[in-house]
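Here is a brief report on one protein model. Please look over the sequence and the structure before reading on.

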Amino acid sequence: MPTMRERVEELERRRAKALELGGPERIEAQHARGKWTCRERIAALVDPGTFMELGIHATHWNQDGTPYAGRAPADGVVTGTGLVDGRMVAIAAYDFTVMGGSIGEVGEVKVTRLRELALRERLPVVWLVDSAGARIHKDAGFHLQASLFAGTGYLFREQVHLSGVVPQVAAMVGPGAAGTAYIPGLADFVPMVKGTSSMALGGPPLVKAAVGEDVDEETLGGSAVHTRTSGCADLEVASDEECLGAIRAYLSYFPSHCGERPPVREAPSDAWGRLPDEILDVVPDNPKRAYDVKKAISMIVDGGETFEIKPGFARNLVTALARLGGQPVGIVANNPKFLGGALDVDAADKAARFVNLCDAYSIPLVFLQDVPGFIVGSKVEQQGIIRHGAKMLHAVADATVPKLTVILRKAYGAGYYVMCGRAYEPDLIVAWPTAEISVMGPEGMVAIFARKMLAGVEDDAAREHFKQGMVDEIRKSINPYLAAGKALIDDVIDPRDTRKVLLHGLRMTRNKTVERPARRRPVVPV
């Protein structure tokens with residue numbers, strides 16, 4: 001009978017074998033693609049020496065009950081828990097060097113165990129996705145795989161139940177096809193690595209077989225597609241290293257679970273000081289001129305640091321995590337640099353998603369308004385602008401976290417509403433002296449009510465002079481002092497006092513309590 005020392009030596013050999021992943025050749029191939037291995041990624045994500053693996057001895061088994069003859073350490077997915085900046089996190093890292101990181105039966109048992117622990121212990125979950133999707137292997141018995149499929153799908157249902165309870169990150173550090181494409185679809189935050197990651201419901205071979213389309217992986221579902229066009233991903237990064245750094249930065253704004261407050265850092269020494277005079281020059285004097293609202297944001301938040309969500313998608317709206325006085329906040333800001341800051345279908349979706357995310361984890365919202373309204377026309381109506389706009393409206397109206405609104409310039413029409421106007425329960429609503437609050441802009445009002453009068457003026461120069469005169473008169477009637485005079489906004493402030501005013505608002509709302517009518521659940525516009 002083996003002695004304890006011999007048994008321990010056998011244990012060490014088994015562990016060492018598992019750490020070899022798919023073997024030197026496959027590890028070399030992984031590196032040749034510019035990708036780290038799953039274990040290298042975990043080491044870069046967690047605090048040194050804190051990762052505890054669960055299921056290291058797992059392997060692939062054929063469906064007839066016989067052990068798989070090839071190498072399948074950890075059954076292609078490394079699972080466990082570790083500290084990220086001192087807080088416990090659950091991690092599932094798919095190993096592309098083992099059967100393409102495909103989801104096997106034993107591997108899914110491991111990840112199910114991890115999800116159960118995450119829910120019970122209230123741990124954030126990080127998926128590192130580098131996977132070919134569901135496993136289809138010739139040695140496993142195709143007929144048995146087909147019948148076993150009827151019992152699958154727990155992964156996605158359980159992700160839904162985790163939603164809003166613990167933060168969920170799905171980092172695309174490689175491909176994610178079919179089943180592994182829905183992991184990011186249900187996660188809160190999805191970074192993608194440029195050039196090496198992709199996600200699609202069907203990979204190129206399946207697309208060719210199903211619809212006859214010849215398409216490569218990058219064109220089908222690469223990082224550019226999902227961070228700029230589809231909006232399915234939140235951030236495009238250059239490397240695995242940058243991706244893992246982004247995950248750490250993202251999690252730093254969030255509590256471990258919905259029952260905690262977000263982590264607060266020490267406030268900068270100048271937190272309550274006046275902003276520099278340069279902020280007075282951010283908004284142009286000419287209301288028709290564009291500018292980049294990110295300049296204003298960087299001046300307002302701690303250290304000028306933001307973590308932007310979906311920066312390449314719907315650029316007419318900025319959604320970003322930042323800190324004010326050390327406290328995490330979510331920034332929602334119109335950006336006149338793109339589409340004049342007007343809201344379209346994608347911007348409405350982007351805002352609704354971000355507002356819901358912040359509301360789920362008690363992160364206060366700061367709205368910076370410079371919005372000429374929603375885009376109109378047959379194109380956006382066919383896209384469902386009403387439906388998408390209602391989605392944003394619903395999210396802002398339903399949010400119960402502290403909501404602070406600053407009107408920088410334009411606050412027109414329904415854009416004013418969905419950017420947390422007075423009716424949407426802002427705990428503080430203030431305006432810069434450049435603010436204009438109106439059902440629409442002066443030019444639009446003149447074009448409607450003075451159309452016949454203008455048509456009667458034959459001389460072009462005279463018509464333009466007459467039109468501009470009416471525009472100037474209307475502009476005088478939509479200045480912020482009229483709304484402030486009727487107590488419909490709380491104050492008109494010096495832009496240099498913006499951070500101080502917002503910090504006061506955050507202190508004031510620390511114990512905010514909102515009661516809603518009893519209901520099973522709202523019917524959310526989709």
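## Cysteines and disulfides

A disulfide is a pair of cysteine sulfur atoms within 2.5 Å. This is a predicted model, and it holds zero disulfides.

Take Cys358. Its closest cysteine sulfur is in Cys420, 13 Å away. That is too far for a bond, because a disulfide needs the sulfurs within 2.5 Å. Cys358 is buried, at 0% relative accessible area. Cys243 gives a similar account. The closest cysteine sulfur to that of Cys243 is in Cys38, at 14 Å, again too far for a bond. Cys243 is buried too, with a relative accessibility of 0%.

## Nonpolar cores

The largest nonpolar core has 59 residues. Leu128, Tyr250 and Leu321 have the most contacts inside it. Helix 13, residues 345-360, gives the most to this core: eight residues. Apart from this core lies another, of 31 residues. Its members include Ile279, Val282, Leu368 and Leu506.

What does Tyr250 touch, not counting residues up to four places away in sequence? The list is Val169, Asp188, Phe189, Phe307, Ile309, Leu321 and Leu357. Leu321 thus appears both among the contacts of Tyr250 and among the residues with the most contacts inside the largest core.

## Second largest pocket

The second largest pocket holds about 980 Å³ of space. It is lined by 25 residues. Closest to its centre are Ser163, Arg353, Asn356, Leu357 and Val524. Leu357 is also one of the residues that Tyr250 touches.

Which helix gives the most to the lining of the second largest pocket? Helix 13 does, with seven residues. Helix 13 also gives the most to the largest nonpolar core. At least two lining residues each come from helix 6 (154-162), helix 7 (179-186), helix 13 and helix 15 (385-398).

## Helix 1 and the Trp36 loop

Helix 1 spans residues 4-19, 16 residues in length. From its first C-alpha to its last it reaches 23 Å, close to the 22 Å expected at 1.5 Å a residue. Just after helix 1, Leu21 takes a positive phi of about 55°.

Trp36 is in the loop between helix 2 (24-32) and helix 3 (38-45). Is Trp36 buried, exposed or partly exposed? Its relative accessible area is 28%, so it counts as partly exposed: buried means under 20% and exposed over 50%. Leaving aside neighbours within four places in sequence, Trp36 is in contact with Gln30, His31, Arg41, Ala44, Asp240, Glu241 and Leu244. Trp36 and Phe96 are 60 residues apart in sequence, and their C-alpha atoms are 10.0 Å apart in space.

## Positive phi in two loops

Arg122 is not a glycine, yet its phi is positive, at about 60°. Arg122 is in the loop between helix 4 (105-121) and strand 4 (125-131). It is partly exposed, at 33% relative accessibility.

Cys420 is another residue other than glycine with a positive phi, near 65°. Cys420 is in the loop between helix 16 (413-418) and strand 14 (428-431). Is Cys420 buried or exposed? Its relative accessibility is 0%, so Cys420 counts as buried. Its sulfur is the closest cysteine sulfur to that of Cys358.

Key:
Residues are numbered from 1 along each chain as its sequence is written. This is a predicted model: local features need pLDDT of at least 70, side-chain atom pairs count only at pLDDT 80 or more; totals for chains, interfaces and linings use all residues. Side-chain values use heavy atoms; hydrogens and water are left out. A nonpolar core is a set of buried Ala, Val, Leu, Ile, Met, Phe, Trp, Tyr and Cys residues joined through side-chain atoms within 4.5 Å. Buried means under 20% relative accessible area, exposed over 50%, partly exposed in between (1.4 Å probe, protein chains only). Helices (H or I, at least four residues) and strands (E, at least two) are DSSP runs, numbered from the N terminus. Contact means heavy atoms within 4.5 Å. The expected span of a helix is 1.5 Å times one less than its number of residues. On a 1 Å grid over the protein atoms alone, a cavity is a set of points where a 1.4 Å probe fits but cannot get out, and a pocket is an open set with protein on both sides within 12 Å along at least five of seven lines; lining residues have an atom within 4 Å of a point. Grid points are joined across faces, edges and corners, and a volume is the space filled by probe spheres set on the points.
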